[in-house]
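Open the structure in your viewer and keep the selection tool at hand. The tour below goes stop by stop: what to select, and what is there.

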Amino acid sequence: MADLALYQYLLIGIIFIWSGFVRSGLGFGGAVLSLPFLLLVHNQALVFLPIISVQLLIFSSITLILNNRRSQAIGREHASTVNWPYLRYMLGIMIVPKLLGVFGLITLPAATLSIIIFSIVSVYAISYIANKPFKSNSKFIDAVFLIVGAYISGTSLIGAPLIIAVAAQHVAREQLRDTLFALWFILGGIKLAAFIYAGIDLQLIHHIWLLPCAWLGHLIGLRFHKRMLSAETPMFFRVLGCTLLMISGLGLWQALNS
């Protein structure tokens with residue numbers, strides 16, 4: 001990112017504020033709702049994914065620690081905010097496709113990876129517009145969603161909608177958010193380790209100014225968490241879906257003509 005224009009840096013900072021806001025407000029979506037915008041600013045996924053992975057590790061661990069301390073403070077010493085048995089079950093299914101996805105990310109050309117990412121986001125956007133979110137109703141479909149979600153997560157960190165479609169049906173509401181944060185921490189750690197092993201530039205210098213941006217968004221998301229949840233109406237998701245579909249269309253056009 002050393003050769004970008006000033007306006008590009010400003011846009012990237014704003015997008016990372018948005019990413020932190022979504023991640024803390026919903027418990028997911030920090031990547032899927034920011035990566036398409038980032039690729040429109042600078043069409044190089046491997047520039048942004050290490051930054052997103054590091055931020056995922058930092059903010060998921062902070063959230064887990066604070067929530068567990070809060071749980072203990074109200075007298076629930078033995079109650080974890082994470083459903084560890086189901087988390088282990090999901091990881092057992094997801095670990096191999098996750099690693100295959102990471103390998104694909106490292107070896108695929110940037111333009112090809114961008115086309116894959118924008119195509120996936122377009123499918124999510126259409127599901128939001130049609131008010132038909134991904135749902136699972138059998139163990140076989142559960143496994144398929146987890147495998148596909150893990151592979152997508154390996155390539156681009158945007159497999160959350162498929163994974164959540166499974167987890168939301170098997171994890172208690174009060175444990176769902178922290179169970180997802182624990183899962184994102186592990187998956188993000190795997191991807192970051194692969195980046196380091198492959199010699200990918202982690203853009204460490206840019207963490208200095210992008211971490212505060214994401215932290216600002218994180219604080220705003222925590223403050224308005226309840227309001228965001230109450231705003232999760234079909235109309236909200238349709239507007240969100242239309243926006244994502246438009247951005248993805250522009251991104252696909254840009255990638256195909258690059």
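## Stop 1: the cavities

Begin inside. The protein holds two cavities of 30 Å³ or more. This is a predicted model. Go to the largest cavity, which contains about 180 Å³ of space. Its lining has 14 residues. Select Ala31, Leu56, Leu157, Ala160 and Trp184, the lining residues closest to the centre. Now colour helix H3 (45-73) and helix H8. These are the elements that give two or more residues to the lining of the largest cavity.

## Stop 2: the whole chain

Zoom out and show the cartoon. There are eleven helices and zero strands. Trace the sequence from end to end and the pattern reads α-α-α-α-α-α-α-α-α-α-α. The protein has 258 residues, and 50% of them count as buried.

Next, switch on contacts. Take those with a separation of 6 or more: 80% of them join residues 24 or more positions apart. Then turn on the surface. About 12400 Å² is exposed by the protein, and carbon and sulfur atoms supply 70% of that area.

## Stop 3: Leu183 in helix H8

Return to helix H8 and select Leu183, which sits in this helix. Is Leu183 buried or exposed? Its relative accessibility is 0%, so Leu183 counts as buried.

What does Leu183 touch, beyond residues up to four places away in sequence? Show Leu87, Met90, Leu91, Met94 and Ile163. Keep Ile163 selected and draw a distance from its C-alpha to that of Leu183. The two residues are 20 apart in sequence, and the C-alpha atoms are 9.9 Å apart in space.

## Stop 4: a nonpolar patch on the surface

Move to the outside. Select Ile95, Val96, Leu99, Leu100 and Tyr151. Together they make a nonpolar surface patch of about 450 Å². Which helix gives the patch its largest share? Helix H4 (residues 84-107) does, with four residues.

Pick Leu99 from the patch; this residue lies in helix H4. Leu99 counts as partly exposed because its relative accessibility is 47%, between the 20% and 50% cut-offs.

## Stop 5: His218 and Arg223 in helix H9

Select His218, placed in helix H9. His218 has a relative accessibility of 3%, and therefore counts as buried. Show what surrounds it. Leaving out residues up to four places away in sequence, His218 touches Gly20, Phe21, Ser24, Phe59 and Thr63.

Stay in helix H9 and select Arg223, which also lies there. Arg223 is exposed, with a relative accessible area of 70%. Phe21, one of the residues touched by His218, is worth a second click here. Draw the C-alpha to C-alpha distance from Arg223 to Phe21: it is 9.5 Å. In sequence these two residues are 202 apart.

## Stop 6: two loop residues with positive phi

Now check the backbone. Most residues other than glycine have a negative phi. Two loop residues deserve a click.

Select Gln203. Where is Gln203 placed? It is in the loop between helix H8 (173-198) and helix H9 (204-223). The phi of Gln203 is near 55°, a positive value in a residue that is not glycine. Gln203 counts as buried because its relative accessibility is 8%, under the 20% cut-off. Show its contacts, leaving aside neighbours within four places in sequence: they are Met1, Val47 and Ile51.

Then select Asn131, in the loop between helix H5 (110-129) and helix H6 (139-156). Asn131 has a positive phi too, near 55°, and is likewise a residue other than glycine. What is the relative accessibility of Asn131? The value is 37%, so Asn131 counts as partly exposed.

## Last look

Show three selections together. Leu183 is buried in helix H8. Arg223 is exposed in helix H9. Leu99 is partly exposed and lies in helix H4.

Note on methods: Residues are numbered from 1 along each chain as its sequence is written. This is a predicted model: local features need pLDDT of at least 70, side-chain atom pairs count only at pLDDT 80 or more; totals for chains, interfaces and linings use all residues. Side-chain values use heavy atoms; hydrogens and water are left out. Buried means under 20% relative accessible area, exposed over 50%, partly exposed in between (1.4 Å probe, protein chains only). Contact means heavy atoms within 4.5 Å. Patches are made of residues with over 30% relative accessible area and no salt bridge: like charges are joined within 9 Å, nonpolar side chains (Val, Leu, Ile, Met, Phe, Trp, Tyr) within 5 Å. Accessible areas come from the Shrake-Rupley method with a 1.4 Å probe; for residues, only the protein chains shown count as cover. A salt bridge is a side-chain nitrogen of Lys or Arg within 4 Å of a carboxyl oxygen of Asp or Glu. On a 1 Å grid over the protein atoms alone, a cavity is a set of points where a 1.4 Å probe fits but cannot get out, and a pocket is an open set with protein on both sides within 12 Å along at least five of seven lines; lining residues have an atom within 4 Å of a point. Grid points are joined across faces, edges and corners, and a volume is the space filled by probe spheres set on the points.
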